[in-house]
Amino acid sequence: MGCHLPCSFASLVLKVYMSNRKLAGPVLCPVDLSEHSEAVVRLAASIARSCPAPLSLIHASASEVPPYFTPGGVEQLEAELERNRNEVRRKLAALAEGVPGAEIRVEDGEPLSVILRLSESLHPSMIVMGTHGHKGLARIVDGSVAEALVHSSSVPVLTVGPGDRISSQPSIVCAVTGSELSRAALSWAIRLAQCLGTRLTVLHVVEPGQSNPNSDLCGWVGGDRPPACDIQEVVRHGNAAEEVLRLANELGAGLLVIGAAHKFISDKTEFGATAEKLLRHAPCPVLTVFPANQAS
């Protein structure tokens, strides 16, 4: 998805209808109780209410009793851990206030392992998770759980940075190429736009030497009640990822949807570099869709 000069962008604007179909599974939202947890839960709750789908808030932390503790020390430590778990439950319940039926789980264990285990058992439609950084690799790296999740999750992951633009009804930008993975990303973008009743702009980068993709984009939308499809081709000069980010800023987008294979997130190919740059520098939350993640 690299881009040389000049670069042609087919911009597809979809006018979508409201949908009452439920997502296939819950929205799973790991919460670390950091400063921007409230914003992360608010976005997850908005998606869960609108789509609709159950919301599951989880908090995981590993605790281990030192082997040298006496029985009395072990009992005291376990009592303290239980008090801490109850306090975490109270905080999660406060974050989930106003979301009927929200499930709260406080688990003992390494966070990534707990999230992946619950993902296997709960079959969520997506995972919504905050990141600790905002710009550069700090957005999802330095050994963070979010980074590891993007590299290993079997379901789409929506990463939310502390400085991201967040809206309860976000306009959506979906960056696509001509791949089947892009079809999966587009199906998710359309599904969310339908649920949230918001605008979707799909951006297709035309590589040098490729034919114009306009006739194919509307065909990709499909469905029993496809949205109105309005395509405009804009020629811009620059790097593909940078132009996607520029468009997201120009439109004030509240959500960017991309497709990426796990092995491409951090490789050095042009596609990998583009996916990584979008994850690094997006001004809004990013939903990363993986192979076989077709929306339903």
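How many disulfides does the count come to? In this predicted model, the count comes to 0 disulfides. A disulfide is a covalent bond between the sulfur atoms of two cysteines. Cys-51 counts as buried because its relative accessibility is 0%. Cys-174 is likewise buried, with a relative accessible area of 0%.

## Overall composition

The chain has 296 residues, of which 51% count as buried. Its secondary structure comprises 8 helices and 11 strands. The exposed surface amounts to about 13400 Å², and carbon and sulfur atoms supply 52% of that area. Contacts across the sequence were also examined: among those between residues at least 6 apart, 81% join residues at least 24 apart.

## Strand pairing

Four pairings involve the strands E2, E5, E6, E10 and E11, as tabulated here.

| Strand pair | Sense | Bridges |
|---|---|---|
| E2 (residues 27-30) and E5 | parallel | 2 bridges |
| E5 and E6 | parallel | 4 bridges |
| E6 (residues 157-160) and E11 | antiparallel | 3 bridges |
| E10 (residues 255-259) and E11 | parallel | 4 bridges |

Individual bridge partners locate these pairings in the sequence. Leu-28 has Ile-127 of E5 as its bridge partner. Gly-130, for its part, is bridged to Val-160 in E6. On the E11 side, Leu-287 is the bridge partner of Leu-158, and Val-289 is that of Gly-259. Strand E5 thus pairs with E2 and with E6, while E11 pairs with E6 and with E10.

## Burial within E5 and E11

In a regular strand the side chains alternate between the two faces of the sheet. How many of the residues of strand E5 are buried? Strand E5 spans residues 126-130, and 5 of its 5 residues are buried. Met-126, Val-128 and Gly-130 point one way from E5, whereas Ile-127 and Met-129 point the other way. Strand E11, residues 286-289, shows an alternation too: Val-286 and Thr-288 point one way, Leu-287 and Val-289 the other, and all are buried. Ile-127, the partner of Leu-28, is therefore among the buried residues of E5, given that 5 of 5 fall under 20% relative accessible area.

## Helix H4

Which residues of helix H4 are buried? In H4, which covers residues 145-152, Ala-146, Leu-149 and Val-150 are buried. Viewed down the helix axis, the buried residues of H4 fall within an arc of 100°, so they line one face of the helix. An α-helix has 3.6 residues a turn, so residues three or four places apart point the same way.

## His-59 and Ala-93

His-59 belongs to strand E3, residues 55-61. Is His-59 buried or exposed? His-59 is buried, because its relative accessible area is 12%, under the 20% limit. Leaving aside residues up to four places away in sequence, His-59 touches Val-31, Asp-32, Leu-33, Val-88, Leu-92, Arg-105, Val-106 and Glu-107.

Ala-93 lies in helix H2, residues 71-95. At 39% relative accessibility, Ala-93 counts as partly exposed, since that value lies between the 20% and 50% limits. The C-alpha atoms of Ala-93 and Ile-104 are separated by 7.1 Å, and the two residues are 11 residues apart along the chain.

Terms used
Residues are numbered from 1 along each chain as its sequence is written. This is a predicted model: local features need pLDDT of at least 70, side-chain atom pairs count only at pLDDT 80 or more; totals for chains, interfaces and linings use all residues. Side-chain values use heavy atoms; hydrogens and water are left out. Buried means under 20% relative accessible area, exposed over 50%, partly exposed in between (1.4 Å probe, protein chains only). The arc is that of the directions from the helix axis to the C-beta atoms. A disulfide is a pair of cysteine sulfur atoms within 2.5 Å. Contact means heavy atoms within 4.5 Å. Accessible areas come from the Shrake-Rupley method with a 1.4 Å probe; for residues, only the protein chains shown count as cover. Two strands pair if DSSP finds at least two bridges between them.
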